[in-house]
Amino acid sequence: MDYKKLSVAALIALGSSMVFAQDAEIATWAGFRKAAVSFTFDDGPQSDVDVALPMFEKYGYKATFNIVTNWANGGGNNGMLNWSGVQKLSAAGHEIASHSDSHPNGKPMPSNEISSSKGTISQKIQQKYGVVTLAYPNCDTPGDAQVLQNYVVGRICNGSWKGGSDIMGKDGPSNWAAVSALMTGNQGTSDFKGNMDKAVQQGGWVAFLTHGFQNKTNGFADYSPTDANGMDGALQYAQQKDKDIWVAPMGYVAMYIKERNASKIEPQDGGSANSMAFELKHSIADNISKYDYPLSIKVKTDWSKVEVTQDGAKLESKVDGGYVYFDAVPNAGKIVVTNANAAPEPESSSSSEVESSSSEFLCDALIPGCGDNPWAIAPEIQDNFHFAVYRSSDNYIVVSGAQGHEITVFNSLGHKLRTTRGLGAEQKVYTGAKGVYIVKVGNKTRKVKL
Ligand SMILES: [Zn+2]
């Protein structure tokens, strides 16, 4: 909405819901931190799983593992990971990226391997964001243009080697096919903290490049192994400075930068005295990525307690110092910020009719507070997970607290309508005609009325 074009009367009519574009801001780095730090591991040795995996798990951080597909194909008994080892890294949330098929010695990878290595990894490993990073063997590009037709980012080694800089600015490198990484280990830096501090001071991005760990099983990745204690200390330091340092995989930081620079968050019509609506959008179009990595947002608010949803699904949020903070995905639907202390807004007449006849089976008297929300179905209190099934104001069956569980929706005759998997804290699973539905979450069932 362009407020400059609105009449005074229209502005008055908007009342307390008046929201300006400058009231919403996209963070330079996730969580409004001051710098980004990426850890990348080359070649795919056994020590990635033996050492890096538990170390990163301890701090909850994610890294990028650059895999040589031929070595993974033949892995398992030569000190290199096979695909099930790579899958362990992926299952823990790390980025799996390409480091060519054949890793030739002392020369750039063959250019046909730019896409063939990506194809092989895509077949072997399912990743939410796909294969978006290529790290060049021997730090040398096989052809920037072709790399950027296949990947969000191509990685060289130390940026200064190519006339760039080791600490990249907030917009990344001038050439996305030449992202820098500082070599760690006996041939490179052991000064993790100093380089992370520099990135914080400059508001930029630093990446590290590691080949295996000292005295561990490194297979072909035995060039310049890194002291595991040194890296552990680096992660500990990053965590102590969590307010300032965002640790994330290289490809995801690259996506974040590109999305952030291309996205706008703008107020939308459809707010009310107790809600504000926004749209977060970009128009990046290429064949590589949907660029749907979440961006961190803050919105000015006087409300002390808010609820934030995107496309009807609840987002985690935090109110602090006059702003509400949350992460949202570009091009993924309307964002609504609601005053959670306000009385609920009246529902439409058709739903209130349903509401009056609903409480007999929708609300379980055993559940404290259930009467406050007539749509709440008994949250599961016997089991080791707590879930609830209810109807949203826009007539969806919503399941909350079912992460990782199978969710199946049946009609009243017991016909299966949809099976999905619990993903978010709260998700819409079905909408349809008025009637009673049965929702199975794990091995528990609940009834809900639309
Ligand atoms: Zn390598």
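Visitor: Is Glu25 buried, partly exposed or exposed, and what is its relative accessible area?
Guide: This is a predicted model. Buried means under 20% relative accessible area and exposed means over 50%, so a value in between counts as partly exposed. Glu25 is partly exposed, with a relative accessible area of 38%.

Visitor: Which residues does Glu25 touch, leaving out those up to four places away in sequence?
Guide: Glu25 lies in strand E1, residues 24-26. The C-alpha atoms of Glu25 and Tyr325 are 9.7 Å apart, with the two positions 300 residues apart along the chain. The residues touched by Glu25 are Phe32, Ile265, Ser296, Ile297 and Lys298.

Visitor: Which residues coordinate the zinc ion?
Guide: The donor residues follow the spacing D-x55-H-x3-H in sequence. Asp43, in strand E2 (residues 35-43), and His99, in the loop between strand E4 (95-98) and helix H5 (113-124), are 56 residues apart and link distant parts of the chain. Both Asp43 and His99 are buried. At 2.1 to 2.2 Å, the zinc ion is coordinated by Asp43 (OD), His99 (NE2) and His103 (NE2).

Visitor: How many degrees of arc do the buried residues of helix H4 cover around the axis?
Guide: In H4, residues 83-91, the buried residues are Trp83, Gly85, Val86, Leu89 and Ser90. They sit on the same side of H4, because their arc around the axis is only 160°.

Visitor: What covers those buried residues of H4?
Guide: H4 is followed by Gly93, whose phi is positive, near 95°. The cover over the buried residues of H4 includes strand E3 (64-67), E4, helix H2 (46-59), helix H3 (69-73) and H5.

Technical notes
Residues numbered from 1 in each chain as written. Predicted model: local features only at pLDDT ≥ 70, side-chain atom pairs only at ≥ 80, totals over all residues. Heavy atoms only, no water. Donors = N, O, S within 2.8 Å, 3.2 Å for Na, K, Ca; no water. Helix = DSSP H or I, 4+ residues; strand = E, 2+ residues; numbered from the N terminus. Buried < 20%, exposed > 50% of the residue type's maximum accessible area, 1.4 Å probe, protein only. Contact = heavy atoms within 4.5 Å. Arc of directions from axis to C-beta.
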